[in-house]
Every structure is written in C-alpha cells, then in structure tokens.
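This report describes one protein chain and its ligand. The overall fold comes before the ligand site.

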Amino acid sequence: QSNKIPLYVGSLAPLSGKRSWWGAGITAAMKMAFDYINNRTDILPSYELTLLANDTKGETGLGNKILYDYIRTGKPSLILGPGRSNVALSVADTAKYWKMIQISASAETGDLSDVDNYPFFFRTISSISASKSTFVALAKTFHWKRVAILFFSRDMYIRIYKNKLFGQRYGWVVHTPDSQGWWNRTYPHSGCTADQVTEAAEYAISIDHLYLSKANASSISGLTPQQFSKEYKAYVAKINVSTSVYGPFGFDAAWMAAIALNSSTEGKSTTRRDLLDIHEEVATEEIKENLLRARFLGVTVGILYISLLSLITLSHGQFLTGLISGSKFHLVALHDAGQAYNLTYYDQGKFQWRDGKSPIDGVTYRDKLMELSEGHFIVMCVIATFGILLCFGFLHFNIVNRNKRCVKMSSPNINSTMIIGCILAYVSVILFSVDGMSLTGEICMARVVALDYGFTIAFGSMFSKTWRVHRITRKLRVRRKAIHDIHLLGMIFMFLFVDTLILMVWYMVDPLRKTQKSSCTPTIRSTNAMAKLPSDP
Ligand SMILES: NCCCC(=O)O
C-alpha cells in the first residue's frame, strides 16, 4: 500500500466505437507515462498520479457530460484531452469558466489556437493549420506558382479515381493525419476498391505530423523514441488495445502535466491539498504558468524541447513529407513549420516520380514560330536538285545533238531556253523551301522572280515555238515569211520585259517582306525548369 496522496488527472478520448482505433492508444500511452512518473522519486514524490480514463466515443455531448462530472466531483486537477477537435472545442468553451486545464494529444484544429477563447487549452500535437508552411515549402521546392486548395473530404481519393484526376498531369499534396495507409482504405458503397484508390494515390505527396522523433536522444522518461515505441507496443498489447499514432503525443502530454504539477509543489514543505481541488483558482493559474514554462525532451519532437507556449501558435510543429509509391509511404523530408521554408531531407531522400521529374504546376504557353521543318527543306532540295541535274542532262543532249535532223527540226535554241526556264523554276522550289529564321525579305523577292522568269521562259519558249508552227502551217495563202529563232527569242524577251515591269512596280509599291507567325502552343516545361531535387546529379 502506497502512502502517497492520489492526484487525479482526467482523460477524454474515444476509447470505444469507430474512433477507438486511434483514441484508445492515446490513453494507454498516458497510463504508461504515469507508471514511469509514479516510479520516480524526483517528480511529485508525495503524490500518486491516477488517470481517470473516460470514453467520449468522439462525441461532443458525451465529452461535456464527462466534464460536468469532473466539475461536480471536484476531481481531477487537470484534463488530458479531449482527443477529438469537436469535443475539445466544446469542452474548452465550458472548462475555461472553471479554469480547468486541458492538454490534448490529438485535437488538431486551428480554431483551438484562439487563446482568447480557449485560455486553458494546450496541446502537444501541433495545429493542423501549422502545416500550411509545409505546403508552401513544397511549392517553393518544386517552383509551383499555381496551386489549388481543396476542402478535405474523406472520399476525395475515390472522386479522384472516378474522375481520372491522377497521373502525369496531376500532383496531389494530401495532409491527413494517417501516414499509415489512408490510400489502402475504402468505404462501404463507395464503388471503389482499395486497389483503385491506391492506384489514384500513387505518387501523391503526403504531409503528416512527426509523431515520433527520429533522434536518438533520451527523453525525460529515460527512453529514447525508439525504446518508447518498443515499450509502448508491448504495453498496449498487454491491455489489449491497438497502438495509436498519437501515442507519443499522449506520452509527452502526460509528462507535461506531471512536470507542471511538480513545479507547483516544489519548494513547498507540505503537500498542497489545493492541487487536488479544481476549484482552487490560485493553483490552476499557477499550474498554467508552470505548463508554459516547462521544457523537457520528449519522444515526439526529439532534440527540440517541447514547449506548449510555441504549440499554442498556429505556426509551430514538425511535419513529415513523403511519397505514396507502391502502396507505401516513403519518407522523404522533415519540415519544421516554425523555421523557414526549407525541407530537411532524410538519408538521400528524394521525391522520385514515375518519370524521374518533379510534378509541374501546369502547362505554360509559348510562342512557337510556324516554319517548314528541316526535313521538308531537305526533301524539297533533293527533288529540285534532281530536276536541275536532269535539266542539265537534257541541255547537254540538246546541244550535242543540235545538228541531228530530229533535234534540229525542234529548234534546239528554243529548247535550250525552255530548259533554262525549267532550271529557274526548280531553283525557285529551293528558295520557296527556305523558311524560319533563315528567311529574309530578299529571298522572298528572289523566289518570286525565279519562279516568274522560269515560268515565262519555259512556257514563253513553248508558246513561241507553237506560234511559229501555227504561222507556218495555217496561213497557206499568205506569202510565207521566215520566222527565225531570233524572232522567237525576241518574243520571249518581250514577255520577260513585261514581267520585269510588273515585278518592279510590285517591288516599289508593296515589296515582299518577311513576317513572323507564331502559334500559341501549350508546352510542358523542359526538365531544366524543374526543381533540382536533392539527389539529382
Ligand atoms: N483523428 C484524430 C482527431 C483529430 C481531430 O479531431 O483534430
């Protein structure tokens, strides 16, 4: 039998029902902490901490009923909890009139950080609102400037899957305090299997609290975070309860209460009875002051000292970020919301996406010069050059055989001008294929001139020959006047003269100019514009 005075501390958490999977483990961690504290001779040596564990089922009404019972019976000195934000908000609203202190291990809503409304509410877990700076840190890391914030919805990923809003074009950042597998869960009648939700969640970034410190330092209990984790698992197994991710916060909350209560007894020769009486205003204010002064190493924030003062604000807390990949959470970095927007990466950690690139925040529109492709230019040059070479072959044949009867009869001189016209037309094909940045106003004019002269020379020659044949064969009764090549060439030069006049007027009045046409093409930014990931070479 212990001679110690029982010192009652109440706890409010969902111990049964659908929320007991995370709630019962918190109370278990608090009990475990009290076992440790009661074995210590340096903390509350005259008192036996006793946890009055009450079950709220996560319901506001039940939470209030328990609070009224506490008030009515005059026990306890303070409350550990409530576990759920809705209960905490309601309880804190009433408890303040009795100056009853609450320390929650899991109520995360930012509303509870309103110190004017909830002056006696504290918590060891940070406000969920503090994670906003982790979102900003991620956006800065990936150079995102366009982000959308969606209201949390339990079936969000079911909708994401059904609407095919996942894959290369989507980057989801999800903050839900359940890094152990929200993507593996599904809900009755959702019409989605867990595998489908997992598929949609692949490569989502998950933000979550740092529940257990990664440091190897001994906490005030003498346990390192890893030792705590092991002992905690054994402890809950003994009492047939499941572990809770909030367990470490519950453990630290219990220590926080004990340290504050201890400070209120220190230096006082006699045991303080008023510690046992919640109606004793002086004691409550003193405990509150001691809570805000308390600093110790816990199992949650590791090498940092827990400070309830800092956790009151909306900007403190440590958050883990990682990727969901292969249906598992892969830890990548830690972010301290109270610090700048820098992420601290774990063991070569990196955000590795399916294509090795980081997600982008959208498509960017870039002007793209509309030009013929290089391939098009090459093909046209090859065909035109082949045509030019063929023309030179005909020219050679025509000149070499100009005295042979059949060639001579076909006017080899006019044939040659016709071939020269064809060569000019082929040259214009090459000039018309020049495009993009190589194109100049001069080339634009040159290709018109080459095509125009080429056409006129080739068809002018053919026309003149046809005209001569016509003159020779049709005007039988008229005295035949010899029509020589020189006359035909003269006719061609006359055509060219007319062309030249037209081209000159054109050039003077409205010369061809180069204009640039761009299309607004959606372009995925190149890898160079992507975030430089820590392990990128
Ligand atoms: N899932 C834990 C409860 C969180 C909250 O109500 O703030």
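What percentage of the 537 residues of the chain count as buried? In this predicted model, 46% of the 537 residues count as buried. The chain contains 15 helices and 14 strands. Its exposed area is about 28600 Å², and 59% of that area is supplied by carbon and sulfur atoms. Contacts between residues at least 6 apart in sequence were also counted: 71% of them join residues at least 24 apart.

**Ligand site**

The ligand is surrounded by Trp22, Gly83, Arg84, Ser85, Ser106, Ala107, Glu108 and Tyr246. By class, this shell divides into three nonpolar, three polar and two charged residues. Polar contacts to the ligand are listed below, with the atoms on each side.

| Residue | Protein atom | Ligand atom | Distance |
|---|---|---|---|
| Ser85 | N or O, side chain | oxygen | 2.4 Å |
| Glu108 | N or O, backbone | oxygen | 2.8 Å |
| Tyr246 | N or O, side chain | nitrogen | 3.2 Å |

On its own the ligand has 250 Å² of accessible area, of which the protein covers 78%. Ser85 and Tyr246 each contribute a side-chain N or O atom to the contacts in the table, whereas Glu108 contributes a backbone N or O atom. On the ligand side, an oxygen atom lies 2.4 Å from the Ser85 side-chain atom, and a nitrogen atom lies 3.2 Å from the Tyr246 side-chain atom. The residues around the ligand also include Trp22, Arg84 and Ala107.

How values were computed: Residues numbered from 1 in each chain as written. Predicted model: local features only at pLDDT ≥ 70, side-chain atom pairs only at ≥ 80, totals over all residues. Heavy atoms only, no water. Helix = DSSP H or I, 4+ residues; strand = E, 2+ residues; numbered from the N terminus. Buried < 20%, exposed > 50% of the residue type's maximum accessible area, 1.4 Å probe, protein only. Contact = heavy atoms within 4.5 Å. Areas by Shrake-Rupley, 256 points an atom, 1.4 Å probe, with all protein chains shown as cover. Near = heavy atom within 4 Å. Polar contact = N/O pair within 3.5 Å; in protein donor to acceptor, adjacent residues only side chain to side chain. Nonpolar A, V, L, I, M, F, W, Y, C, P; charged D, E, K, R; others polar.
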